[in-house]
Amino acid sequence: MIAAAGCGGGSVPGAGGGDEEVTGGDLTLGTGSTGGTYYPLGGEIAQIWSDNIEDVNVSTQSTGASVENMRLLDQGEIDVGMAINGVAGDAVNSENDFADDPIENGDDVFMLGNVYPEVLQIVATEDSGIETVEDLEGKRVDIGPPGSGTALAAEAVLGAYGISMDDIEPFNSTFEDAATKLGDGQTDAAFAVLAVPAGSIEQVATTSDVRLVQFGGDGLEQLQEDNPSYSPLDIPADTYNGQDEDVTTVTNWATMYVRGSMSDDLAYNLTKEMYERAGEIGHDVGEQVQLDTALEGQGAVDLHPGAERFYEEEGVLGG
């Protein structure tokens with residue numbers, strides 16, 4: 001068991017907004033809906049922290065996921081929050097969902113590390129002839145519910161490839177409904193931000209003739225230039241039924257964030273235990289909690305100095 005506080009600890013200089021330093025005790029981890037990935041995965045990580053860090057007990061809270069977690073973290077209602085890294089970047093930069101209602105302390109949000117890739121997958125029917133993002137122009141495309149992370153991602157991707165909403169016939173469905181529409185021939189393609197493999201995509205690929213849409217070319221470069229939180233990712237062949245080749249797409253990351261009032265030692269121990277005990281996670285995405293991808297797509301949010309110390313010791317950062 002690792003002690004939560006000791007030599008070398010301390011809060012982030014100038015951060016925390018005057019909040020009392022958090023060194024341990026009862027902590028709350030903001031996750032997501034009970035039917036999603038964040039809630040059960042967060043529960044397992046919280047248990048690892050509680051079992052292995054002295055004087056720390058972490059409970060989970062079901063929330064509306066990324067956007068709500070950034071607001072709860074800002075308000076001090078949770079101590080750790082899971083969020084898509086792109087959403088966290090929007091929060092600290094007062095963009096998109098946070099443009100009209102910004103968080104108060106964007107400079108008091110810090111990153112511990114990535115948990116698993118939130119992969120943007122575009123599924124198209126075989127009959128549509130869609131093979132690349134450019135082929136979406138003029139098609140019936142489900143971009144996800146209004147204001148959702150999927151819809152924001154779809155808009156960013158289409159824009160990077162020079163496609164406006166006027167260039168497609170947009171639909172706004174959850175992916176479960178979008179999959180039904182694909183199968184029924186009501187739409188040609190659908191965006192989804194999901195873990196890989198995604199059960200809903202496995203299901204539609206089993207019952208309908210569909211393909212994953214390939215990212216590449218100047219549009220992919222433009223997307224990364226416009227949105228530094230995105231990283232390219234290859235979905236290996238045979239991940240889904242009928243997928244004969246690797247398909248390049250992009251990913252944001254589900255990432256852990258904390259406030260600056262958290263002590264260096266506590267942030268260090270939370271980060272260390274999450275990666276060193278990742279093999280104990282039973283959830284399907286547990287094997288994707290990896291040190292070598294911990295800092296991909298970091299974007300606008302600074303590393304907490306305690307987490308930074310762990311990465312320096314592990315050779316992930318130069319120390």
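**Figure 1. Residues around the largest cavity of the predicted model.** Nine positions are shown by name: Leu120, Gln121, Ile122, Leu212, Val213, Phe215, Ile235, Val247 and Thr249 line the largest cavity. Two elements, strand S6 (109–125) and strand S12 (247–259), each give two or more residues to this lining. S6 gives the most, with three residues.

**Figure 2. Volume and character of the largest cavity.** The volume is about 30 Å³. The count of cavities of 30 Å³ or more comes to one. By class, seven lining residues are nonpolar and two are polar. No charged residue belongs to the lining of the largest cavity.

**Figure 3. The centre of the largest pocket.** This pocket has a volume of about 1100 Å³. Its lining comprises 41 residues. Closest to the centre are Gly36, Thr37, Glu118, Val193 and Leu194.

**Figure 4. Elements that line the largest pocket.** Four helices supply at least two residues each: H2 (66–74), H4 (149–160), H5 (175–184) and H6 (199–207). Strands S6 and S9 (189–194) also supply at least two each. S9 gives the most, with four residues. By class, the lining of the largest pocket has 18 nonpolar residues, 18 polar residues and five charged residues.

**Figure 5. The centre of the second largest pocket.** About 510 Å³ of space lies in this pocket. The lining is made of 27 residues. Gly86, Asp90, Asn96, Asn227 and Ser229 are the closest to the centre.

**Figure 6. Elements that line the second largest pocket.** Helix H3 (85–93), S6, H4 and S12 each give two or more residues to the lining. H3 provides the largest share, six residues. The lining of the second largest pocket divides into eleven nonpolar, eleven polar and five charged residues.

**Figure 7. Strand S6 and its place in three linings.** S6 gives the most to the lining of the largest cavity. S6 also supplies at least two residues of the lining of the largest pocket. In the second largest pocket, S6 again gives two or more lining residues.

**Figure 8. H4 and S12 in the linings.** H4 supplies at least two residues to the lining of the largest pocket. H4 also gives two or more to the second largest pocket. S12 gives two or more residues to the lining of the largest cavity, and S12 does so for the second largest pocket as well.

Technical notes: Residues are numbered from 1 along each chain as its sequence is written. This is a predicted model: local features need pLDDT of at least 70, side-chain atom pairs count only at pLDDT 80 or more; totals for chains, interfaces and linings use all residues. Side-chain values use heavy atoms; hydrogens and water are left out. On a 1 Å grid over the protein atoms alone, a cavity is a set of points where a 1.4 Å probe fits but cannot get out, and a pocket is an open set with protein on both sides within 12 Å along at least five of seven lines; lining residues have an atom within 4 Å of a point. Grid points are joined across faces, edges and corners, and a volume is the space filled by probe spheres set on the points. Ala, Val, Leu, Ile, Met, Phe, Trp, Tyr, Cys and Pro count as nonpolar, Asp, Glu, Lys and Arg as charged, and the others, Gly among them, as polar.
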